[in-house]
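The following exercises are to be worked with the sequence and the three-dimensional structure at hand. Each task is followed by a solution in steps.

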Amino acid sequence: MKARIVYASMTGNDADMAEILEEGLQELDFEVESSEAEFTDASDYLSSDLCIFVTYTYGEGTMTDEVADFYAQLKELDLSGKYFAVMGSGDRVYADHFCENVFDFEKIFKQVGAKELTPPLTIENAPDDEAIAAIDQAAKEMADQLND
Ligand SMILES: Cc1cc2nc3c(=O)[nH]c(=O)nc-3n(C[C@H](O)[C@H](O)[C@H](O)COP(=O)(O)O)c2cc1C
């Protein structure tokens, strides 16, 4: 099973999440490719079975240019027959905007026909031990769902 992880990260928290997830999926025998949104075209998802997006949220939910560009590319795709999962890091100080971009991407993946494999996973700031365990658990759930 091929998984493609695309991530957006300014200060490293989402890059760390992506790396933890990549290692978790590899241990579960997924073939994983990982890259930054800024240097990736959303059409790269077309060669994967499982499409994953990991993102920060800045500016009270307003997308930064790199995230907005990737979102615009994704919007034009047809991902029917593919699975997706979204996750990301935010800060609860931003209340109603907590991890808003994660949920924006959940909506757009659904809109382009992909099937959600696991619920969005949100963490606060840098991944601590609890967050690492939650990411590993999400990887396991992805594998379990696909094996059902
Ligand atoms: C100026 C600024 C605006 C932010 N706005 C939000 C926000 O709207 N919602 C949210 O959940 N987190 C917000 N955050 C918190 C970041 O998303 C959080 O620190 C995240 O871990 C950063 O991820 P990164 O290290 O991958 O860039 C903001 C942080 C800064 C500095």
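**Exercise 1.** Is the crossing of α1 and α4 left-handed or right-handed? Describe also how the two helices are arranged and which residues join them.

*Solution.* The structure is a predicted model.

Step 1. Two packed helices are described by the angle between their axes and the distance between the axes.

Step 2. Helix α1 covers residues 13-27 and helix α4 covers residues 129-147; their axes come within 9 Å and cross at roughly 45 degrees.

Step 3. An angle under 35 degrees would count as roughly parallel, and one of 65 to 115 as roughly perpendicular. The helices α1 and α4 are therefore oblique to each other.

Step 4. The crossing of α1 and α4 is right-handed.

Step 5. On the α1 side, the contact is made by Met-17, Ile-20, Leu-21, Gly-24 and Leu-25; on the α4 side, by Ile-132, Ile-135, Asp-136 and Ala-139. By class, these contact residues comprise seven nonpolar, one polar and one charged.

**Exercise 2.** Where does Pro-127 lie, and with which residues is Pro-127 in contact, leaving aside its neighbours within four places in sequence?

*Solution.*

Step 1. Pro-127 belongs to the loop between β6 (121-124) and α4.

Step 2. Apart from its neighbours within four places in sequence, Pro-127 contacts Asn-13, Asp-16, Met-17, Ile-20, Ile-132 and Ile-135.

Step 3. Consider one of these partners: Ile-20 is 107 residues from Pro-127 in sequence, yet their C-alpha atoms are 9.3 Å apart in space.

Step 4. Pro-127 has 19 C-beta neighbours inside 10 Å and therefore counts as partly exposed, since a buried residue needs 20 or more.

**Exercise 3.** Asp-29 and Asn-125 are to be compared. What is the sign of phi at Asp-29 and at Asn-125, and is Asp-29 buried or exposed?

*Solution.*

Step 1. Phi is positive at Asp-29, about 75 degrees, and positive at Asn-125, about 55 degrees. Asp-29 is not a glycine, and neither is Asn-125.

Step 2. Asp-29 is found in the loop between α1 and β2 (31-36), whereas Asn-125 lies in the loop between β6 and α4.

Step 3. Asp-29 has 8 other C-beta atoms within 10 Å, so Asp-29 is exposed. Asn-125, with 14 such neighbours inside 10 Å, counts as partly exposed.

**Exercise 4.** How many residues surround the ligand, and which are the closest?

*Solution.*

Step 1. The ligand is surrounded by 21 residues, of which Ser-9, Met-10, Asn-13, Asp-14 and Gly-90 are the closest.

Step 2. Two or more residues of this shell come from each of α1 and β4 (83-90).

Step 3. By class, the shell consists of six nonpolar, 11 polar and four charged residues.

Terms used. Residues numbered from 1 in each chain as written. Predicted model: local features only at pLDDT ≥ 70, side-chain atom pairs only at ≥ 80, totals over all residues. Axes fitted to C-alpha atoms, helices over the stretch in contact; angles between N-to-C directions. Helix = DSSP H or I, 4+ residues; strand = E, 2+ residues; numbered from the N terminus. Parallel < 35°, antiparallel > 145°, perpendicular 65-115°, else oblique. Left-handed = near helix turned anticlockwise from the far one by under 90°. Contact = placed C-beta atoms within 7 Å. Nonpolar A, V, L, I, M, F, W, Y, C, P; charged D, E, K, R; others polar. Near = placed C-beta within 6 Å. Buried ≥ 20, exposed ≤ 12 C-beta atoms within 10 Å, placed from the backbone.
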